[in-house]
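User: Please take a close look at how the helices pack in this model. Give me one connected account, with the surroundings where they help.

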Amino acid sequence: MLHLDRLSVSLPDTGPIFAPVSLVVQPGQVATVMGPSGVGKSTLLDAIGGHLAPGCRVHGDVRLGERSLLSLPAERRRIGLLFQDALLFPHLSVGDNLAFGLPARVKGRAARRTAVEVALAQAGLAGFHDRDPATLSGGQKVRAALMRTLLAEPRAVLLDEPFARLDAGLRADIRAFTFDHARQMGIPVLLVTHDAEDAQAAAGPVVELLAAEQFPSGFRR
Ligand SMILES: Nc1ncnc2c1ncn2[C@@H]1O[C@H](COP(=O)(O)OP(=O)(O)OP(=O)(O)O)[C@@H](O)[C@H]1O
């Protein structure tokens with residue numbers, strides 16, 4: 001279970017930028033965060049993943065199970081991330097991108113290659129191991145990047161508008177593919193989107209981030 005408990009973020013020179021948000025995401029559930037552009041949705045995900053810029057401060061708490069994540073560095077939180085941009089490392093082949101996500105305990109060239117080939121096949125990308133990521137279509141890139149994220153066996157996944165660049169028909173397919181895979185892993189998923197159809201398809205709780213100034217005073221700590 002991913003639990004946001006009155007979570008907000010201060011930037012280096014500001015008070016909290018959005019009103020505190022509380023949310024429980026159960027394993028296998030996809031929750032949605034919506035809100036106007038610039039309100040702080042990506043910043044919220046950065047706070048959960050441990051990727052805030054120096055000088056930013058987190059208010060409230062983020063727990064995975066019973067454990068607060070806030071004292072852990074990003075690499076120990078085991079939170080998977082999937083963004084709209086920079087989905088794949090351009091200097092690595094598609095297969096090596098997926099291998100990058102594999103945990104160290106999958107040892108040996110052959111075992112790692114097999115794990116990657118299985119994931120590529122699951123993503124409908126059999127035979128794509130040696131392809132340059134630049135040659136993939138938008139939907140193929142999202143599927144490959146999702147598999148890289150899931151191969152790392154994350155304990156929760158954060159999705160920051162990963163479908164935004166896809167056209168409408170493809171978007172529904174890739175969205176279903178993403179949610180199905182995340183649900184199969186039985187982990188909590190948090191989706192940032194501007195699209196009400198994304199939120200409907202996610203079928204989990206929806207929270208709307210409000211700018212802090214819309215929130216009654218007395219919140220600043
Ligand atoms: N490290 C930082 N230093 C200063 N300001 C920052 C920093 N990171 C984010 N911001 C600012 O914080 C605010 C929230 O940005 P964020 O990208 O989280 O919004 P968003 O809701 O995800 O927007 P969009 O929907 O347009 O992607 C913006 O005003 C942004 O410029």
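The reply starts with the overall frame, then goes through the helix contacts and ends with some loop and strand residues.

Analyst: Start with the frame. This is a predicted model. The protein contains 7 helices and 9 strands. Its C-alpha trace extends about 55 × 40 × 30 Å along the principal axes. A compact globule of 221 residues would have a radius of gyration near 17 Å; the 18 Å found here agrees with that. Of the 221 residues, 38% are buried. Take the contacts with a sequence separation of 6 or more: 72% of them join residues 24 or more positions apart.

Now the helices. H3 covers residues 94-101, and its buried residues are Val94, Gly95, Asn97, Leu98 and Ala99. What lies over them? Helix H4 (109-122) and helix H5 (138-151) are among the elements that cover these buried residues.

Take H4 first. The H3 and H4 axes approach within 9 Å, and the crossing angle is roughly 110°. An angle from 65 to 115 degrees counts as roughly perpendicular. H3 is therefore roughly perpendicular to H4. The H3 side of the contact consists of Gly95, Leu98 and Ala99. Each of these three is also on the buried list of H3. Their spacing fits a general rule. An α-helix has 3.6 residues a turn, so residues three or four places apart point the same way. On the H4 side, the partners are Arg112, Val116, Ala119 and Leu120. By class, this H3 and H4 contact holds 5 nonpolar, 1 polar and 1 charged residues.

H5 also packs against helix H6, which runs over residues 168-185. Their axes come within 10 Å and cross at roughly 10°. Angles under 35 degrees count as roughly parallel. So H5 is roughly parallel to H6. H5 brings Gly139, Val142, Arg143, Leu146 and Leu150 to the contact. H6 answers with Leu170, Ile174, Phe177, Thr178, His181 and Met185. The class split in this contact is 7 nonpolar, 3 polar and 1 charged.

Leu170 deserves a second look. It sits in H6 and takes part in the contact with H5. Is Leu170 buried or exposed? Neither label applies: with 15 other C-beta atoms within 10 Å, Leu170 is partly exposed. Buried would need 20 or more. Leu170 also comes 9.1 Å from Gly138, C-alpha to C-alpha, across 32 residues of sequence. Gly138 is the residue at which H5 begins.

Turn to H1, residues 41-49, for another kind of setting. Here 8 of the 9 residues are buried, so H1 is largely enclosed by the rest of the structure. The buried ones are Lys41, Thr43, Leu44, Leu45, Asp46, Ala47, Ile48 and Gly49. After H1 comes Gly50, with a positive phi near 85°.

H1 also brings in the ligand. Lys41, Ser42 and Thr43 are among the residues around the ligand. Gly35, Ser37, Gly38, Val39 and Gly40 are in that shell too. Leu11, Pro12, Ile17 and Ala53 complete it. By class, the shell counts 5 nonpolar, 6 polar and 1 charged residues. Two shell members, Lys41 and Thr43, are also on the buried list of H1.

Next, what follows H5. Glu153 is in the loop between H5 and strand S7 (156-160). Its phi is near 55°, positive in a residue that is not glycine. Glu153 has 15 other C-beta atoms within 10 Å, so it is partly exposed. Ala203 also has a positive phi without being a glycine, at about 60°. Ala203 belongs to strand S9. It counts as partly exposed because it has 13 C-beta neighbours inside 10 Å.

Last, the segment after strand S9 (203-208), which holds Glu213. Glu213 has 10 other C-beta atoms within 10 Å, so it is exposed. Glu213 still has a distant partner in sequence. Phe18 is 195 residues away along the chain, yet the two C-alpha atoms are 7.7 Å apart.

How values were computed
Residues are numbered from 1 along each chain as its sequence is written. This is a predicted model: local features need pLDDT of at least 70, side-chain atom pairs count only at pLDDT 80 or more; totals for chains, interfaces and linings use all residues. A residue is near a molecule or strand if its C-beta atom, placed from the backbone, lies within 6 Å of it. Ala, Val, Leu, Ile, Met, Phe, Trp, Tyr, Cys and Pro count as nonpolar, Asp, Glu, Lys and Arg as charged, and the others, Gly among them, as polar. A residue is buried if 20 or more other C-beta atoms lie within 10 Å of its own, exposed if 12 or fewer, and partly exposed in between; C-beta atoms are placed from the backbone. Helices (H or I, at least four residues) and strands (E, at least two) are DSSP runs, numbered from the N terminus. Two residues are in contact if their C-beta atoms, placed from the backbone, lie within 7 Å. The radius of gyration is taken over C-alpha atoms; the globule rule is 2.2 Å times the number of residues to the power 0.38. Axes are lines fitted to C-alpha atoms, for helices over the stretch in contact, and angles run from 0 to 180 degrees between N-to-C directions. Angles under 35 degrees count as roughly parallel, over 145 as roughly antiparallel, 65 to 115 as roughly perpendicular and the rest as oblique.
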